[in-house]
Amino acid sequence: MRCPYCGSLDDKVIESRTIACGDQIRRRRECISCGSRFTSKETIEEKPLNVVKKDGTRQPFDIAKVEKSIRRAVEKRSVTSEQLDSILEEIENAATIKGKSTNEITTNDLGELVMEQLAKVDKVAYIRFASVYKHFENLDEFIEEVKNIK
């Protein structure tokens with residue numbers, strides 16, 4: 001680790017601590033050349049999760065896009081910002097787990113994760129999202145989905 005004070009690459013670790021629920025290690029270091037102390041943090045470098053679209057193209061997973069579609073579904077509903085944050089966290093965690101082996105998740109799987117979370121929080125928001133996601137062609141499909149949610 002390069003010393004931020006003198007630029008030397010010789011240092012020793014004085015103390016190590018796990019932080020951020022085990023996702024990071026904080027190390028207190030001392031430069032052997034100048035004696036200055038500084039802190040470094042280590043994190044696991046993960047491969048980014050990609051979303052495989054229906055046409056086969058791949059895009060980096062972007063939770064902001066998911067949030068945008070969920071916000072449309074919950075618009076004018078009594079869903080709190082805490083609930084929305086929880087939904088997004090659950091979806092991101094589930095997507096990461098589902099795509100762990102290949103670092104990919106399909107749009108179908110992602111849509112199902114969103115619907116699963118919305119169904120737990122607000123049935124109307126679920127139906128709003130499902131109507132766009134499943135491309136309802138007629139009223140019968142819409143009614144069938146409403147019956148299934150009960």
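In this predicted model, Arg 2 turns up in the segment that comes before strand β1, which covers residues 11-19. Arg 2 counts as exposed, because its relative accessibility is 54% and the cut-off for that label is over 50%. Along the chain, Arg 2 and Cys 31 are 29 residues apart, yet in space their C-alpha atoms are 8.6 Å apart.

A second arginine tells another story. Arg 27 sits in strand β2, made up of residues 24-31. With a relative accessible area of 19%, Arg 27 is buried, since that label applies to anything under 20%. The side chain of Arg 27 has polar contacts to look at, too. One of them, at 2.6 Å, links Arg 27 to the side chain of Ser 16. The side chain of Glu 42 also makes a polar contact with that of Arg 27, again at 2.6 Å.

Next comes the surface and its charge. A patch of negative charge is found there, built from Glu 82, Asp 85, Glu 89, Glu 90, Glu 92, Glu 112 and Glu 116. Two or more of these residues come from each of helix α2 (81-98) and helix α3 (107-121). Helix α2 gives the largest share of the negative patch, with five residues.

Glu 92 is one of the patch members, and its place is in helix α2. So is Glu 92 buried, exposed or partly exposed? Its relative accessibility is 34%, so Glu 92 counts as partly exposed, the label used between the 20% and 50% cut-offs. That value also fits its place in the patch, because patch residues need over 30% relative accessible area.

Key. Residues numbered from 1 in each chain as written. Predicted model: local features only at pLDDT ≥ 70, side-chain atom pairs only at ≥ 80, totals over all residues. Heavy atoms only, no water. Patch = residues over 30% accessible without salt bridge, like charges linked within 9 Å, V, L, I, M, F, W, Y side chains within 5 Å. Areas by Shrake-Rupley, 256 points an atom, 1.4 Å probe, with all protein chains shown as cover. Salt bridge = Lys/Arg side-chain N within 4 Å of Asp/Glu carboxyl O. Lys, Arg positive; Asp, Glu negative; His and termini not counted. Charge placed at Lys NZ, Arg CZ, Asp CG, Glu CD. Helix = DSSP H or I, 4+ residues; strand = E, 2+ residues; numbered from the N terminus. Buried < 20%, exposed > 50% of the residue type's maximum accessible area, 1.4 Å probe, protein only. Polar contact = N/O pair within 3.5 Å; in protein donor to acceptor, adjacent residues only side chain to side chain.
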